[in-house]
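Q: Hi! I've just pulled this one up and would like a quick tour. Can you walk me through it?

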Amino acid sequence: MTPRLPVAVTGMGCICHAGATLNTSMQTLYRGVRNPGPPAVFKCPLEDLSPVFEVPQTFLPVDIRRRNDIPWLFKLVLAAASEAIRHAGRTIRDLRDLRVGVCLGTNVGTAMNNETYYRNCPESGESFVSPRERFLQSNPTAALVREWHLSGPTLTVVTACSAGTDAIGLAAGWIREGICDLVIAGGADAMYQVTYHGFRSLMIMDTDPCRPFDRRRKGMNLGEGAAVMVLESPELTGIRPPRVQGSILGYGASADAYHLTSPDPTGAGLELAIDDALRESGVSFQEVAFINAHGTGTDDNDRIESQVLARRLPGIPFFSTKGYTGHTLGAAGAMEAVFSMACLKNRKIPACLGYEEPDPMLPSRPVRENRSIRGRIALSESLAFGGNNAVLIIGDGADQ
Amino acid sequence: MIRAAITGMGVVGGFGCGVSLLKQALEKGRSPDQTVRISTEKGDITAPALLADTAPLARYVSRKARRRFDHYTRLALLGGFLALDDAGMRESRPGRMGIILATGYGPTCNTADFTHSLTSDSVSFGSPTRFSNSVHNAAAAYLAILLREKGPSLSVSQFDMSVAQALLTALIWLSEGRVDTVLVGGVDEYCNVLGHYRQTLDGRGSAGAVQGEPALAVIGEGAAFFVLSKAGETAGTYGIIESVSMGKIPGRLPGPDDGSPVILGADGYTDCLNRYPRLVSISGTIGVYTGVYGGLPVGQAFDMAIAALSLTGGMLYPSVSPGTVFDDTFGLPRPAIPLKPGRLHCLKLGSSDDYGMLTLSVN
Amino acid sequence: MTLKEELKQIIITELNLEDILLEDIKDDEPLFGDKFGLDSIDAIELVFQLKKHFGVEIRDMKEGRPALESINTLAAFIEARQAA
């Protein structure tokens, strides 16, 4: 791959357990607080529950909260996307005259079998909603295009825990290839009983608030939310006073090709994705100011990530934000990308919440306190179920 | 946008396994008769279906290695391996390969099983193996693992737009130089849950007009995969993808009015019958082949395979439409018609006023 | 069917070891090794099956690993838990 032009990001939005907006979320990150609890959206008779990072209803803007015609997941998307469009200094009406693409990562948003449906009719077809109707209701990409009358193209990425990172990386390709004037890119996932019990069955959930990279770490906690970036073409940013928040410099993706649920212990796949992303952005690793690591708090993930970071990006400060948001799956990569861009802007990175005791088995360690940074480039990485790796190189927009 | 050469094709469906059986079905104008038994509260119902047999996967994957694969994964693997075999790239590939898998339903049976165990069984809370297989990117991950391919791997799922999305991404990856080759395909499986929807609604063995959706196609499942490389660098055994476009239908689709034939996607879910003539102006001959592979969200992948076979064979196959009503509306050709060397479009109108269109040409 | 036979049957059925017979699994041989090709997903699947069939729970893989070594250790683990 050869270096490609940076793609301008003009707006960002985020809604998660840490905050109703990107700004409030960043304040929570810098304050170093969290308050996860037992799942509220579904009943669970089990003991030893892993706490979750849900989004309170009150975080939603009133007009979105009051809607009863759309599912919870889409409410989250609508909140984050509305914030991002506002942040970009645009209105939804502006978008109708442009070639606007939507590229979102999700897991729950493409599950044809949602719970309500199963509760109502596990075996009979009597109260069926058609698969088409079900899809129309639950897919956040299709829903956003319909809601705002956008022209497309669309893409719904379902690469599990790296979907949000992939979505932003692929969206940057759309701008560079001249397919779109503007892309709404990011990810969203909602708390869902199936995913909760799925990860529980895989025995990788911590019953305490998660502790990324800590010696005592016992797994992840689930979270929910949505995060969105607005990417714009040079033609578009050129014809009005640009409000550039940052830029996407490069994207790299790879497969471990190792095992469905265990990451490759050598970290070779992750390294490939890092190399590709750096190559595409044309920056050397020494220019990277910090790394927003995947850091789920599982034994394997954190060990392999720590090893790859020590080997490939030595000495660069890193942290995981899963301790503030939980693992928001399809939204996680997008959330971490907007956090990274906000950190570049604020010139400050947050402490890796949950990390207290160093693990002697890990060759690199995250930051324990907030730290100011000087550089202009960040790296955000995601390691997914199935061995998917995805990396974004994020700039502060000085290149625009 | 860059053009991509189709250097290999792998298909499995109700017509059988492999390109030659697909050709045979197209020539005969039908796939072998099959039925499926759907259990309902009112007892079992038998319905016509075009189901895919994945037994030939044994050629490529040992019993030990495939023991955990569900039907959905087997379909994807078989489609992928057949395509790579066809391109002569199963054992080794020059450069780096990306894998892109499109699905409308995802691994529905597994998801259904896992979800059902959650709602019906308060003790067990679901099997981890089933949960793992129900994650949407599991099949693409298995492909990468078996092929030892560390290139980018992507899974996309947006019902009937998934195939256009996957192909658009494949072209961009080739254009960016992210990969040298892309293995891209669509897969959907049939499961009892879907059978319910289609068959039990009016109790007559054919899905009724639920929410204005007439069932235009028999149940289908299968996988259709393609090996793509940059056109120009490689000769396409099956022609060239000239462009992939998608978006919202702007009133009336300006659409494929260059006189080239158009293969229309009619999956039986969207109200194609009324929508196509209302929204599309087409000057060329129309072909519809749902009757060969059945109704499924990734039907456009099969349409693309049929388009490639038509182009390279110089003959537009006689339509195998999902119903006579459709024939009359469009005046679909019954006999095969010679195809002037040139182009062919595959158009799918989506469920949400959107469309995906592929344009193929001979080399 | 003895407990050990029952365990073998569960392993063969639930881990999809199609061509393995009951007598192919020796009571004292390692379950996780080259012979059966079992891996980490099989280990957690086995934990799930133990809970489903025998009501015994393993909450942590670190503590569970010794119990999953062989048919003998599995049987001993279940008997000890059920007696408790």
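Q: How many helices and strands does chain A have?
A: Happy to help. One thing up front: this is a predicted model. The secondary structure of chain A comes to 14 helices and 12 strands.

Q: And what share of chain A is buried?
A: Chain A has 400 residues, and 68% of them count as buried.

Q: What about contacts in chain A with a separation of 6 or more: what percentage comes from residues 24 or more positions apart?
A: Those residues account for 79% of such contacts in chain A.

Q: Let's zoom in. At what angle do H11(A) and H12(A) pack?
A: About 45 degrees, with the axes 10 Å apart. H11(A) covers residues 268–281 and H12(A) covers residues 299–312. Angles from 35 up to 65 degrees fall between roughly parallel and roughly perpendicular, so H11(A) is oblique to H12(A).

Q: Is that crossing left-handed or right-handed?
A: H11(A) passes H12(A) in a right-handed crossing.

Q: Which residues meet there?
A: From H11(A) you have Leu270(A), Glu271(A), Ile274(A), Asp275(A) and Leu278(A). On H12(A), their partners are Glu305(A), Val308(A), Arg311(A) and Arg312(A). By class, this contact of H11(A) with H12(A) has 4 nonpolar, no polar and 5 charged residues.

Q: Now across the chains: how do H8(A) and H7(B) pack?
A: Helix H8(A), residues 163–176, packs against helix H7(B), residues 162–176, at an angle of about 70 degrees, and their axes are 11 Å apart. That makes H8(A) and H7(B) roughly perpendicular to each other.

Q: Which side chains should I click on for that contact?
A: In H8(A), pick Leu170(A), Gly173(A) and Trp174(A). In H7(B), go for Leu168(B), Thr169(B), Ile172(B), Trp173(B) and Glu176(B). The contact of H8(A) with H7(B) is made up of 5 nonpolar, 2 polar and 1 charged residues.

Q: Switching to chain B, which residues of H1(B) are buried?
A: H1(B) spans residues 19–28, and Val19(B), Leu22(B), Ala25(B) and Leu26(B) are buried in this helix. Because they cover an arc of only 120 degrees around the axis, they sit on the same side of H1(B).

Q: What covers them?
A: The cover includes strand E1 (4–13), helix H10 (290–293) and helix H11 (299–313), which belong to chain B.

Q: And which exposed residues are on the face turned away from the buried side?
A: That face of H1(B) carries Ser20(B), Glu27(B) and Lys28(B).

Q: What does Gly29(B) do just after H1(B)?
A: Gly29(B) takes a positive phi of about 80 degrees there.

Key:
Residues are numbered from 1 along each chain as its sequence is written. Chains are lettered from A and ligands numbered from 1 in the order in which they are written. Side-chain values use heavy atoms; hydrogens and water are left out. Buried means under 20% relative accessible area, exposed over 50%, partly exposed in between (1.4 Å probe, protein chains only). Helices (H or I, at least four residues) and strands (E, at least two) are DSSP runs, numbered from the N terminus. The arc is that of the directions from the helix axis to the C-beta atoms. Contact means heavy atoms within 4.5 Å. Axes are lines fitted to C-alpha atoms, for helices over the stretch in contact, and angles run from 0 to 180 degrees between N-to-C directions. Angles under 35 degrees count as roughly parallel, over 145 as roughly antiparallel, 65 to 115 as roughly perpendicular and the rest as oblique. A crossing is left-handed if the near helix is turned anticlockwise from the far one by less than a right angle, and right-handed if clockwise. Ala, Val, Leu, Ile, Met, Phe, Trp, Tyr, Cys and Pro count as nonpolar, Asp, Glu, Lys and Arg as charged, and the others, Gly among them, as polar.
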